[in-house]
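Dear colleague,

Here is the structure that I promised to pass on to you, and my notes on it follow below. Please read them with the model open beside you.

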Amino acid sequence: MKNVQRNNYRPLPLCDTHFHLIYPETVESTINIFREITDYFDISRITMNCISCGSGHRSIDFPNNVKGIYVRDRLNEARADSAFVYGSFTHLFDGTDTAESYLAQVKRLYDIGFDGFKMLEGKPEFRKKLGHPLCDEIFDKSYAFMEEAGFPVKMHLGDPYTAWGPKESISPYALSRGWWYGDGTYPSFEELHQEVYGVMKKFPKLKLCLAHFFFLGHNTDELRKFFDTYENVSVDLTPGASMFKGFTEHYNDAVKFFEEYSDRIFFGSDTYNRPVEGDAFDKYEQSGDAGHRINLVRHCLEKSEDMEIEEGHLGFLKPLNLSDKVLRDIYYGNHARLHPTARNTDKALARAYAEEMLEIINCDFHKFAVPEEKATEEQNLRTIIGYYS
Ligand SMILES: [Zn+2]
């Protein structure tokens, strides 16, 4: 029995807008993992968000974009428009990162045929390393291009506001990952949001989707103002569970908000290309591992029985029990409107990009890369170059 039937979810088409290829797997294994997950969870479309810098999960991030486009094209060969891919910036964190170099990267990804752009730059540790605001003029040319081309952007901005609070209040897991920002060396929660408002002031038509509900689950009033000011901004529902905690604490406001703005909210789960052993039921329903966030989000949107989160660490969630009409927008309709169909790949450009990545991972710069990972990425790039030849 598969996920929808087992959990008695509503039989609605589902698009998951928040997948990553974050683990250094072979492209073949990644394709198999995503096929199995989308089959088990009855997901008809996915958007993969490539992280080509600062993933924290591997020693070589650069080839992630081109792997993403290859995986998209392979998945779509089998079933048209089942996969979409967003590319991302590579930063060198030196004087060679300029307004022009960023624009060239965005244009290149657009010309190759990416469906949109991913920015992890607003994650506090990434933003700190970057050293300048997201509304800095160094990104203006890039945003201007995206706005003009209607090239959608998915941005991770902030983290739960509690991560700026007293250290004692942070969960042991968050602490172990370095997700505490209260030591005064990070931009504040409010400053980060102001940076996004600064971007939108300059580029008011930008199709900007803030991942993780813009971390405003506790404050839908602020989000309402933002939505009412800019017609093309939206959010996704990818957990942390803290946003659902916010909905529980402001329950009536949250339900009203979802009804009113169902056309601005996307389903997402942060599902990875992580190989997990066992049969589908064990992996996805029992272990709390791969794909478990899909259940968290679906339960919180569809059901009416309260749910314990993180073994009670975050208390209980009161699900929103939304109507089918609202769920149809969130689960599928909004994505279908934004992306009627996947973009076509310019094979010569994709191949040239893969060839360049192969050169880069073999240069001096990567002498400290994990050898097995380097071998996997080399193999991946050779596969990709062959495919686009
Ligand atoms: Zn993510």
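Along the chain, the donors of the zinc ion follow the spacing H-x1-H-x249-D, and I should say at once that this comes from a predicted model. The residues that coordinate the zinc ion are His-18 and His-20, each through NE2, and Asp-270 through OD, at 2.1 to 2.3 Å. Both of the histidines, His-18 and His-20, are buried.

The aromatic residues take up much of what I noted, since the structure holds 34 aromatic pairs. One of them joins Tyr-197 and Phe-214, whose rings sit edge-to-face, with 6.1 Å from centre to centre and 85° between the planes. Tyr-197 belongs to helix α8 (residues 189-202), whereas Phe-214 is in the loop between β6 (208-210) and α9 (220-229), so this pair ties together parts that are 17 residues apart in sequence. Tyr-197 and Phe-214 are both buried.

Another pair is formed by Phe-227 and Phe-257, and here the ring centres are 5.8 Å apart with the planes at 35°, so the pair counts as tilted, an angle over 60° being needed for edge-to-face. Phe-227 is in helix α9 and Phe-257 in helix α11 (residues 251-260), and the pair thereby links distant parts of the chain, 30 residues apart. Phe-227 has a relative accessibility of 2% and therefore counts as buried, while Phe-257 is likewise buried, with a relative accessible area of 0%. Phe-227 and Phe-257 also belong to a cluster linked by ring pairs, together with Phe-213, Phe-244, Phe-247, Phe-258 and Tyr-261.

Charged side chains also lie over some of the rings. Arg-264 is placed over the face of Phe-227, at 4.7 Å from the ring centre, and Lys-123 is placed over the face of Trp-179, at 4.2 Å from the ring centre.

Lastly, I would draw your attention to Asn-344, which is found in the loop between α14 (324-338) and α15 (347-361). With a relative accessible area of 69%, Asn-344 lies over the 50% cut-off and is therefore exposed. Leaving aside residues up to four places away in sequence, Asn-344 touches Arg-72, Ile-112 and Gly-113. Of these contacts, Gly-113 is 231 residues from Asn-344 in sequence, yet the two are 5.4 Å apart in space, C-alpha to C-alpha.

With best wishes

Conventions
Residues are numbered from 1 along each chain as its sequence is written. This is a predicted model: local features need pLDDT of at least 70, side-chain atom pairs count only at pLDDT 80 or more; totals for chains, interfaces and linings use all residues. Side-chain values use heavy atoms; hydrogens and water are left out. Donors are N, O and S atoms within 2.8 Å of the metal (3.2 Å for Na, K and Ca); water is not among the atoms, so sites may look incomplete. Buried means under 20% relative accessible area, exposed over 50%, partly exposed in between (1.4 Å probe, protein chains only). Helices (H or I, at least four residues) and strands (E, at least two) are DSSP runs, numbered from the N terminus. Contact means heavy atoms within 4.5 Å. Rings of Phe, Tyr and Trp (its six-membered ring) pair if their centres lie within 6.5 Å; planes under 30 degrees apart count as stacked, over 60 as edge-to-face and the rest as tilted. A charge sits over a ring if NZ of Lys or CZ of Arg is within 6 Å of the ring centre and within 35 degrees of the ring normal.
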